[in-house]
Amino acid sequence: MLWSGTYLRPPGALSEKQLKARCVSCGQCAAVCNFRAVEMTPDGLFGPETPKIYARKNPCRLCMRCSDICPTDALRKVEQDNARMGMAVIDTRRCVDYQERSNTICWTCFNICPLRGRAIILKYGYAPVITDQCQGCGVCAFVCLVSAVTIVPERMR
Amino acid sequence: MKPGPPAWRTFRPYRRLCQMSVVVAFIVIPFLNMRDITFFSGNLLSFSAGGFSVMDPLAALQVIATSGDVNLELACGAGFVLALAFVLGRVFCSWLCPYGFFSELVHKFRRRPASAITAGPGSGAVFLRVFPALAGVLCVAALAPSPWLNQLSMPGWYTRFAQHAVFFGVFLPGTLLLPAALALECALQKRLWCRYLCPQAVLPALCACLKDGARVAFRPKKCTCGKGDRPCRKACSLGLDPRRQTLAQRFECTSCGDCVDACRRVGSGALRIGQRPTRVTPES
């Protein structure tokens, strides 16, 4: 309520408004998450706790257990392909694969992506590019050695 | 005084056992969840056991009001709780609610009887609390984007406190509402929160007075106590008179069974928990 921003939400969340309307802070999503990636923190100062994911700290692996268990459909039951948490953005000034005359082949994000070969493809065979298949789970942002990836929580695609 | 029935024939020990299991269970469940045992998960706002979910009816109502949409799991979960209140009365409040347990304890160990506010127990005035709760739901739907009345759920805070402490190692400041409400009860009135303020109790209470399921039933013919001597009334932690059978009484009564125990101890057995006689004719 007070000072609430936009956060990366677990898979299956609708708009920020709908998620807040439906979430009853029961914490079952956090309880079943295999990787302890879902954190329940208060919205603003005294607001109810809602599930958030901090990708750089502990990203979502798209195991989809949270959206299966949510009793109020704040997180709807969806397939991996339809998680729609957000979108990864690669900062090409930082990404080593984009640097001219660099002899480094990294592809860490490409190799780790749960939707490998679909959400991240290698343009020209070497430069990682995010496609519209990206669900915004944040694994790439977590593994990137030079912090070149940012997740934009943009669910209303 | 006649010797009462043996302890195992009274409600009290079973009720205390139930309450204490809930108090302990919601500390243990987060630890189990941390070890990937997730058969039980959630808190007293919404709880699931092996895929079957149970839900605070007021939380469900708020979700329906704010999102404008009902899903089956939510309706079943809340419906189950209301059905329980329908069949057995407000048993959640007296047999399961951790806050109710603490509230009873506070008054057990407190000598001075507190009653500054004397809105007569069992009077129709108790129905006034329905309006703030429902107005709250409307406010939530119209103004706040989230089910804010959950922030007033004492059992909710108790169980969330454990969850957050175990999962994330943080202390939720809202947990302080628990001691605050207990202190308020201590200072002002016995069982103040449970009787007049708890918004979560309103819907089950309405269900409990809708129709006669198993409730405290009084058979006047069997009663051997005089007008002044009322052990049942003394036993009631809510200050109700179990021998008066009004609608407001049913709204307030949590079916804890203390009055029935007290009645049995006297030996008359005029009070019992069961189907209420539909009509008491003067000659019967």
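Start by selecting A:Val146, which is partly exposed, with a relative accessible area of 34%. You will find A:Val146 in the loop of chain A that runs between helix H5 (139-143) and strand E6 (149-152). Keep in mind as you look around that this is a predicted model.

Which residues does A:Val146 touch, leaving aside those up to four places away in sequence? Show A:Arg94, A:Cys95 and A:Val96 as sticks, and you have the set. For a distance label, pick the C-alpha atoms of A:Val146 and A:Val96: they are separated by 7.9 Å, although these positions lie 50 residues apart along the chain.

**Zoom out to chain A**

Now colour chain A by secondary structure. Five helices and six strands should appear, and reading along the sequence gives the order α-α-β-β-α-β-α-β-β-α-β. Chain A is as compact as a globular protein of its length, because its radius of gyration of 16 Å is close to the 15 Å that the globule rule gives for 157 residues. If you align the view with the principal axes, the C-alpha trace spans about 50 × 30 × 25 Å.

Try colouring by accessibility next. Of the 157 residues in chain A, 53% are buried. The surface that chain A exposes comes to about 7400 Å², with carbon and sulfur atoms supplying 54% of it. A contact map is worth opening here too: among contacts between residues at least 6 apart in sequence, 61% join residues at least 24 apart.

For the charges, select the 21 positive and 13 negative side chains of chain A; the centres of these two sets lie 1 Å apart.

**A stop at A:Met64**

Centre on A:Met64, in the loop between strand E2 (49-53) and helix H3 (65-69) of chain A. Its backbone deserves a look: phi is positive, at about 70 degrees, although A:Met64 is not a glycine. Is this residue buried or exposed? With a relative accessible area of 7%, A:Met64 is buried.

**Crossing to chain B**

Bring both chains into view and select the interface. Here 35 residues of chain B are in contact with 30 residues of chain A. Together the two chains bury about 2500 Å², 55% of it on carbon and sulfur atoms. Three residues to highlight are B:Pro145, B:Trp148 and B:Phe168, which supply 18% of the area that chain B buries against chain A, more than any other three residues.

A good residue for seeing both chains at once is B:Asn33, in helix H1 of chain B. B:Asn33 is buried, with a relative accessible area of 1%. Setting aside residues up to four places away in sequence, B:Asn33 touches A:Ala31 and A:Arg36 in chain A, along with B:Thr38, B:Phe40, B:Ser41 and B:Phe167 in chain B.

**Zoom out to chain B**

Hide chain A for a moment. How many helices and strands does chain B have? There are 13 helices and five strands. The radius of gyration of chain B is 20 Å, which agrees with the value near 19 Å for a compact globule of 284 residues. Along the principal axes, the C-alpha atoms fill a box of roughly 60 × 40 × 35 Å.

Repeat the accessibility colouring on this chain: 49% of the 284 residues in chain B are buried. Chain B exposes about 13400 Å², and 70% of this comes from carbon and sulfur atoms. In the contact map, residues 24 or more positions apart account for 73% of the contacts with a separation of 6 or more. As for charge, chain B has 33 positive and 13 negative side chains, with the centres of the two sets 10 Å apart.

**Last stop: helix H13 of chain B**

Approach this helix from B:Ser255, in the loop between helix H12 (247-252) and H13 of chain B. B:Ser255 has a positive phi of about 55 degrees although it is not a glycine, and it is buried, with a relative accessible area of 4%.

Then select H13 itself, residues 258-266, and pick out its buried residues: B:Asp258, B:Cys259, B:Val260, B:Asp261, B:Ala262 and B:Cys263. What do they pack against? Show helices H1 (12-34), H5 (98-108) and H11 (231-235) of chain B, together with strands E4 (214-218) and E5 (271-275). Finish just after H13, at B:Gly267, where phi is positive at about 105 degrees.

Definitions and conventions: Residues are numbered from 1 along each chain as its sequence is written. Chains are lettered from A and ligands numbered from 1 in the order in which they are written. This is a predicted model: local features need pLDDT of at least 70, side-chain atom pairs count only at pLDDT 80 or more; totals for chains, interfaces and linings use all residues. Side-chain values use heavy atoms; hydrogens and water are left out. Helices (H or I, at least four residues) and strands (E, at least two) are DSSP runs, numbered from the N terminus. The radius of gyration is taken over C-alpha atoms; the globule rule is 2.2 Å times the number of residues to the power 0.38. Buried means under 20% relative accessible area, exposed over 50%, partly exposed in between (1.4 Å probe, protein chains only). Contact means heavy atoms within 4.5 Å. Accessible areas come from the Shrake-Rupley method with a 1.4 Å probe; for residues, only the protein chains shown count as cover. Lys and Arg count as positive and Asp and Glu as negative; His and the chain ends are not counted. The place of a charge is taken as NZ of Lys, CZ of Arg, CG of Asp or CD of Glu. Buried area is the accessible area (1.4 Å probe) that two parts lose on being put together, summed over both.
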